[in-house]
Amino acid sequence: LPNNLRYEIMLRVHNDDVHTYDEVTDAFYARSKGVFGNSLEEAKEKTRDVDIKGQVVVWRSKDGEGLWEAVHGYKWFKGANGLHTSLLSRPMIDAEERSEALTSYLTSLCSSSIPFSSILIGALTTPTPPVAPP
């Protein structure tokens with residue numbers, strides 16, 4: 001791809017209430033024979049991350065390369081194993097990270113100031129009247 005069109009793609013596996021710890025570990029480890037190269041210990045570590053953090057990035061492209069690996073990884077985790085899986089672009093991840101940072105910041109402000117939390121709750125829950133088109 002031309003330099004101005006390069007982007008990063010990430011393959012992420014999410015936690016669910018359907019699969020056991022061993023099933024997730026087996027999916028990570030079995031896939032190691034293909035694209036991702038996980039040892040059994042790495043597969044167990046990724047499974048722990050999914051369990052504790054709710055998700056784990058299992059693969060990311062380098063400069064927009066590797067779409068084939070992303071698609072095959074998605075098919076492996078989602079199709080063959082039924083795991084909750086997503087393909088994300090770097091802008092999507094950036095937006096999530098900004099959202100998480102804002103949520104963390106607002107949480108810290110609310111925990112330190114009851115008046116601020118009241119104002120914020122009011123601002124977020126008070127409906128605004130629709131604006132008439134010009």
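This report walks through the fold, three buried residues, one helix and the empty spaces of the protein.

The structure is a predicted model, in which local features need pLDDT of at least 70, side-chain atom pairs count only at pLDDT 80 or more, and totals for chains, interfaces and linings use all residues. Residues are numbered from 1 along each chain as its sequence is written, and side-chain values use heavy atoms, with hydrogens and water left out.

## The fold

Let's start with the overall layout. The protein has five helices and three strands, where helices (H or I, at least four residues) and strands (E, at least two) are DSSP runs numbered from the N terminus. Along the sequence they follow the pattern β-α-α-β-α-β-α-α. Of the 134 residues in the protein, 26% are buried; buried means under 20% relative accessible area, exposed over 50% and partly exposed in between, with a 1.4 Å probe and protein chains only. Contact means heavy atoms within 4.5 Å. Among contacts between residues at least 6 apart in sequence, 66% join residues at least 24 apart.

## Three buried residues

Here are three residues worth finding in the viewer.

| Residue | Place | Relative accessible area |
|---|---|---|
| E8 | segment before β1 | 18% |
| V13 | strand β1 | 1% |
| S61 | loop between β2 (55-60) and α3 (67-80) | 4% |

Leaving aside neighbours within four places in sequence, S61 is in contact with Y7, E8 and I9. A polar atom of the S61 side chain lies 2.8 Å from the backbone nitrogen of I9. That pair fits the rule for a polar contact: N or O atoms within 3.5 Å, where within protein one must be able to donate a hydrogen and the other to accept it, and residues adjacent in sequence count only if both atoms are side-chain atoms.

With the same neighbours left out, E8 is in contact with R60, S61, L88, S89 and R90. V13 touches F28, V50, Q55, V56, V58, F77, L83, H84 and T85, not counting residues up to four places away in sequence. V13 and T47 are 34 residues apart in sequence, and their C-alpha atoms are 9.4 Å apart in space.

## Helix α5

Helix α5 (residues 114-125) has twelve residues and reaches 16 Å from its first C-alpha to its last, close to the 16 Å expected at 1.5 Å a residue. That expected span is 1.5 Å times one less than the number of residues. At the N-terminal end of α5, S113 acts as a cap, with a side-chain oxygen 3.1 Å from the backbone nitrogen of F116.

## Pocket and cavity

Now for the empty space. On a 1 Å grid over the protein atoms alone, a cavity is a set of points where a 1.4 Å probe fits but cannot get out, and a pocket is an open set with protein on both sides within 12 Å along at least five of seven lines; lining residues have an atom within 4 Å of a point.

The largest pocket holds about 220 Å³ of space. Its lining has 13 residues, of which R12, Q55, V57, I93 and E97 lie nearest the centre. Two or more lining residues come from each of β1 (9-14), α2 (40-53), β2 and α4 (90-112), and α4 gives the largest share, five residues.

There is one cavity of 30 Å³ or more, and the largest cavity holds about 30 Å³. V13 appears again here, lining the largest cavity together with H14, N15, D16, H19, V24, V50 and L83.

Definitions and conventions: Grid points are joined across faces, edges and corners, and a volume is the space filled by probe spheres set on the points.
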